[in-house]
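Subject: Structure handover

Hi,

Here is the structure I promised to pass on. Have a look, and my notes are underneath.

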Amino acid sequence: MCNGVCAGEATPLSNVATPSRAFQYSPMHGPGLTPIVSPAHRGFGQCSAVSVVAPGGGTGINGAVYAELGQDPQFTVDFVGSSRAVYDCYPEYWPNGGPAPNLHSFAEDVLRHRWVEKTDLFVFGSRGGQVVLPVLWQHVGDRMPPTVCINGGCSMKLPRAFRWPDAAITFLLLGGEDYFRGNATVEEYIAETKAMVPPNNSTTAILFVNEMQHMPQQGLLRVVLPLMLRAISNWQSTGRAPREELRSILSVVNRDGWSGRLVFTQGPGQWAPDVDFGPFHVAQHVPSDVAAQGAAQHHAAPIEISRGAELKSLFKAAALASQPSGGAPLAHAGNRFHAAVQAASLSQQVAQPPAPVLLAESPKMKLSLPIPLAGSPEQQRSRNNSLHGSPCSQGGKTPKTPNRLAPPRQEMRWEIAPTPISRALGMPPQYYPSPSHSHASAPSLPVSPCSAYNDYSPTRYAPPPVMMRN
């Protein structure tokens, strides 16, 4: 017997089970419906407990993506509740909402069963981000675990005001083909989303993908969701913007042909420059004053997803999921051939390998030809003293005669120029010392006609010596 609600027991209203401490994830089965591994009982402590809120999370059509995520040794995945249950409806303060059980009462059950305490990372989507996440924020505040919010429901104009915690770590995934965008332009949509973030918040990122439907395509969610989870996890552990994970996200969306924009904060109320990405480019966004003025005047009404709209988005997602690429834009050979042609033209603009940078060059060493010095011996000694100092200035020791045939001893380092992705994120160049036993030569970077798809990270193609820090 147990007091109160036992592990795995559901309440009458929402059927949300309490996180189970005894459950251990096994690669032989997919994510469980209700149990979740306690942070104190997760193997070697190397994996993060990911809780996917099922209402609005796409756990049906994108169930294969979540199952693959559960196979990742860095994560354990569990579903909270279920879609299309009796409580999967808007609360009464929404235009077409109704009394409990609804998503608001479901969120209260999630709190009561301590899912927040047993979760490292949350994933919300659609109406879950509109209703459940704001309720959890309202009750938990800054103690809310880092969150991925698909469709950005928490950043929309909602019928009831709520407090977005200043310390909340949130990664929003927005779609250009999502009806949550309404009639807003891209500039208006992104500006409105950024305006909803608290001024003192410094841990928010936004990935806007032009081709994304309301139900994210499997080809997109499969590649970005693990990286988004790693990004918010590292953001929590380091307290700094996860630029390396953001670089990886830009690399995969560029490779697969998605287009859009990445936005993230780098300090309280301070947004880093927006980064535009597409199949053939990644660069910092150039803002338009006209677009910014239009965004400031646009105010969207609350958007409520209906059963018909949800069914329509499911049909679209199923059609895209049936494709071999899972809906990735550059899946067909013709598109890839076009991309290869574009990449080949871009490769003509690639700079030659950079010249070595001299770290230290002794002013006393000077390369000279073996030609006898003109003048008397006294004049030659005078010239040597002017170059190397007199014997008295060197402690009474006679200076050694330099080998005029040997080149000067120099320490060289190669500057690996930032890639377009790293440059767009403001990541500085990195330097590597040249091996002392080999001739100075630039590190060989792979060259491919499809180089526009690859982000040649210095950490991946660095020469053998240990990296030198400035």
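Below is what I found on helix packing and aromatic rings.

First, the housekeeping: this is a predicted model, with local features needing pLDDT of at least 70, side-chain atom pairs counting only at pLDDT 80 or more, and totals for chains, interfaces and linings using all residues. Residues are numbered from 1 along each chain as its sequence is written, and side-chain values use heavy atoms, leaving out hydrogens and water.

On the helices (DSSP runs of H or I, at least four residues): α2 (residues 103-112) and α3 (residues 127-140) have axes that come within 9 Å and cross at roughly 45°. That makes α2 oblique to α3 (neither under 35 degrees, over 145, nor 65 to 115). In contact terms (heavy atoms within 4.5 Å), Leu 103, His 104, Phe 106, Ala 107, Val 110 and Leu 111 of α2 meet Arg 127, Val 131, Val 132, Val 135, Leu 136, His 139 and Val 140 of α3. By class, that contact has 10 nonpolar, 2 polar and 1 charged residues (Ala, Val, Leu and Phe count as nonpolar, Arg as charged, His as polar).

Now the rings. The whole structure has 8 aromatic pairs (ring centres within 6.5 Å, using the six-membered ring of Trp; planes under 30 degrees apart are stacked, over 60 edge-to-face, the rest tilted). Tyr 66 and Phe 79 are edge-to-face, with centres 5.8 Å apart and planes at 80°. Both of these residues are buried (under 20% relative accessible area, 1.4 Å probe, protein chains only). Tyr 90 and Trp 94 make a tilted pair, centres 4.6 Å apart and planes at 40°; both are buried too. Finally, ring pairs join Trp 137, Phe 162 and Trp 164 into a cluster.

Cheers

Key
Axes fitted to C-alpha atoms, helices over the stretch in contact; angles between N-to-C directions. Helix = DSSP H or I, 4+ residues; strand = E, 2+ residues; numbered from the N terminus. Buried < 20%, exposed > 50% of the residue type's maximum accessible area, 1.4 Å probe, protein only.
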